Amino acid sequence: MKDIKHYINGQYVGSASGKLFDNVNPANGKVISKVHEAGRDEVDAAVKAAKAALRGPWGKMTLEERTGILHKVADGINARFDEFLEAECLDTGKPKSLASHIDIPRGAANFKVFADMIKNVPTESFEMPTPDGTGALNYAVRRPKGVIGVISPWNLPLLLMTWKVGPALACGNTVVVKPSEETPTTTALLGEVMKDAGVPDGVFNVVHGFGGDSAGAFLTEHPLVDGFTFTGETGTGEVIMKAAAKGIRDISLELGGKNAGLVFADCDMDKAIEGTMRSAFANCGQVCLGTERVYVERSIFDEFVGRLKEAAEGMKIGPPDDAEADMGPLVSLKHREKVLSYYQKAVDDGATVVTGGGVPDMPAELAGGAWVQPTIWTGLPESSTVITDEIFGPCVHLCPFDTEEEAIELANSLPYGLASAIWSENITRAHRVAGQIEAGIIWVNSWFLRDLRTPFGGSKQSGIGREGGVHSLEFYTEMKNICVKL
Ligand SMILES: NC(=O)C1=CN([C@@H]2O[C@H](COP(=O)(O)OP(=O)(O)OC[C@H]3O[C@@H](n4cnc5c(N)ncnc54)[C@H](O)[C@@H]3O)[C@@H](O)[C@H]2O)C=CC1
Ligand SMILES: O=C(O)/C=C/C=C(\O)C(=O)O
């Protein structure tokens with residue numbers, strides 16, 4: 001059976017401890033590969049290699065050379081598209097039809113977009129008078145932050161890891177990546193692409209393992225890491241923030257959400273149903289931007305519930321290779337336990353189960369997989385933990401509202417503030433409501449429509465900082481002002 005090794009200083013290496021853990025295919029419960037678990041020594045070697053590489057050829061390259069290499073990385077992902085696709089779908093169970101349109105193309109785009117952006121972004125300059133009349137010129141330059149610790153999740157493994165690694169490298173940093181223990185394969189494969197593209201040894205490093213008391217914690221505790229970027233649960237973000245405080249290291253955190261969809265009676269119902277289907281069920285509901293609570297204006301509530309139910313019941317659940325499959329399994333049986341516990345809580349709290357609520361019947365060869373039914377509820381009180389907690393499964397609660405003010409209040413009622421989707425053909429209303437929703441990302445009559453130049457991140461407990469476009473460059477560089485007396 002294949003074993004997945006760390007990628008340190010341009011070489012694939014195993015753990016000195018010999019400790020391995022199972023990488024499981026969530027579509028059938030079978031072990032796909034064995035993964036080396038990094039101890040403190042492997043993490044230390046990776047961080048030191050990354051530190052040294054800052055002073056090596058990488059640190060001396062021209063911008064043209066560096067960004068040229070990143071274009072080759074993107075081309076390398078595209079050249080091995082099918083391999084990345086196969087690996088991502090085996091690790092996550094997601095439909096190939098989804099990963100081939102979103103995950104893998106974005107993996108390549110994340111390198112190209114930021115390579116081009118760093119070449120075109122201006123910095124400031126200010127002329128100033130001086131008492132002797134000769135004046136002075138201030139100008140700012142960007143310099144890499146140093147070694148960036150990248151801790152990435154399992155829901156969009158290649159997409160979210162490269163969303164951080166792409167701009168970090170474009171800005172001249174070096175990285176140590178700790179991919180999720182659930183989905184190590186595409187990050188491991190990226191090492192080969194980096195090597196072939198001419199990325200110098202030590203610039204891109206990967207250590208595998210778990211979070212607390214394992215590779216994740218060893219990385220955040222390492223004093224030579226200059227900054228951390230993390231996507232995942234809010235509680236984990238707090239732990240990483242505490243670790244980063246030691247040594248005053250910078251952080252960028254994209255954390256949990258419990259995003260509201262708002263559907264007004266003046267919406268285009270077809271568009272609202274299609275969009276809500278995606279925002280509730282895409283990637284088996286494992287998208288931080290998803291809408292697990294949707295508020296619908298009372299006059300169209302019954303119609304909306306009926307149409308969403310019909311659409312959800314029309315979805316085909318199946319494995320990655322099934323070209324007809326709309327939805328795969330959850331990432332693991334452990335995660336299914338969490339999701340099913342909320343399915344039970346919903347019933348205990350008095351929900352009407354409109355559809356789903358359990359585990360689907362699957363053929364014998366898939367019976368060991370983490371399958372779960374797409375689920376719609378109505379009738380829960382807003383205090384239920386089903387409404388207040390991020391479940392991260394294919395489920396949505398629908399609740400009626402009567403006024404615009406009430407809808408806004410409901411949307412803003414939780415301590416999260418990542419995203420929201422507003423459905424209304426009255427563009428004046430849509431602007432008015434969008435301006436009042438406490439979230440970092442608002443979609444009007446769409447969902448997950450991504451322009452990589454835009455600020456991306458959450459407010460309240462959904463994160464700190466923004467990535468995307470120039471905001472990524474802000475995080476991954478230090479600005480230095482040079483004042484020249486003329
Ligand atoms: N994109 C998102 O917003 C994601 C949200 N989640 C949420 O988190 C819940 C739990 O899923 P998990 O995989 O357990 O998320 P998590 O936040 O614990 O894991 C994400 C990453 O952080 C690492 N990690 C965990 N603890 C760490 C620590 N103490 N120090 C350093 N790194 C650490 C993990 O190994 C993984 O690479 C999900 O049910 C979902 O609600 C999970 C994954 C992605
Ligand atoms: O498009 C992106 O950059 C990110 C999308 C999704 C997430 O960040 C997530 O689910 O965590």
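A pocket is here an open set of grid points, on a 1 Å grid over the protein atoms alone, with protein on both sides within 12 Å along at least five of seven lines. In this predicted model, the space taken by ligand 1 is the largest pocket. Four elements each give two or more residues to the shell around ligand 1, namely helix H9 (215-221), strand S11 (227-231), helix H10 (234-245) and helix H13 (333-348). Of these, H10 gives the most, with three residues.

The surroundings of ligand 1 comprise 26 residues, of which Trp154, Lys178, Glu181, Lys338 and Glu390 come nearest. By residue class, the shell around ligand 1 divides into eleven nonpolar, ten polar and five charged residues. Both domain 1 (2-256 + 462-485) and domain 2 (260-444) are represented in this shell, each by at least three residues.

Polar contacts to ligand 1 involve several side chains. An N or O atom in the side chain of glutamate 181 is placed 2.6 Å from an oxygen atom of the ligand. For lysine 338, the distance between a side-chain N or O atom and an oxygen atom of ligand 1 is likewise 2.6 Å. Glutamate 181 and lysine 338 also belong to the residues that come nearest to ligand 1. The side chain of threonine 236 has an N or O atom 3.0 Å from an oxygen atom of ligand 1. Taken alone, ligand 1 exposes 800 Å², and the protein buries 89% of that area.

Ligand 2 has 14 residues around it, and Arg106, Asn155, Glu254, Cys288 and Arg450 come nearest. Helix H7 (residues 157-170) gives the most to the shell around ligand 2, contributing three residues. The composition of this shell is nine nonpolar, two polar and three charged residues. As in the case of ligand 1, the shell around ligand 2 draws at least three residues from each of domain 1 (2-256 + 462-485) and domain 2 (260-444).

Contacts to oxygen atoms of ligand 2 come from both side-chain and backbone atoms. In arginine 450, an N or O atom of the side chain is 2.7 Å from an oxygen atom of the ligand. A polar side-chain atom of arginine 106 lies 2.8 Å from an oxygen atom of ligand 2. Cysteine 288 contributes through its backbone, with a polar atom 2.8 Å from an oxygen atom of ligand 2. On its own, ligand 2 has 310 Å² of accessible area, 99% of which the protein covers.

Terms used: Residues numbered from 1 in each chain as written. Chains lettered and ligands numbered in written order. Predicted model: local features only at pLDDT ≥ 70, side-chain atom pairs only at ≥ 80, totals over all residues. Heavy atoms only, no water. Near = heavy atom within 4 Å. Polar contact = N/O pair within 3.5 Å; in protein donor to acceptor, adjacent residues only side chain to side chain. Areas by Shrake-Rupley, 256 points an atom, 1.4 Å probe, with all protein chains shown as cover. 1 Å grid on protein atoms, 1.4 Å probe; cavity = no way out; pocket = protein on both sides within 12 Å on 5 of 7 lines; lining within 4 Å. Sits in = over half its atoms within 2 Å of the grid points. Nonpolar A, V, L, I, M, F, W, Y, C, P; charged D, E, K, R; others polar. Domains from an automatic or database assignment.
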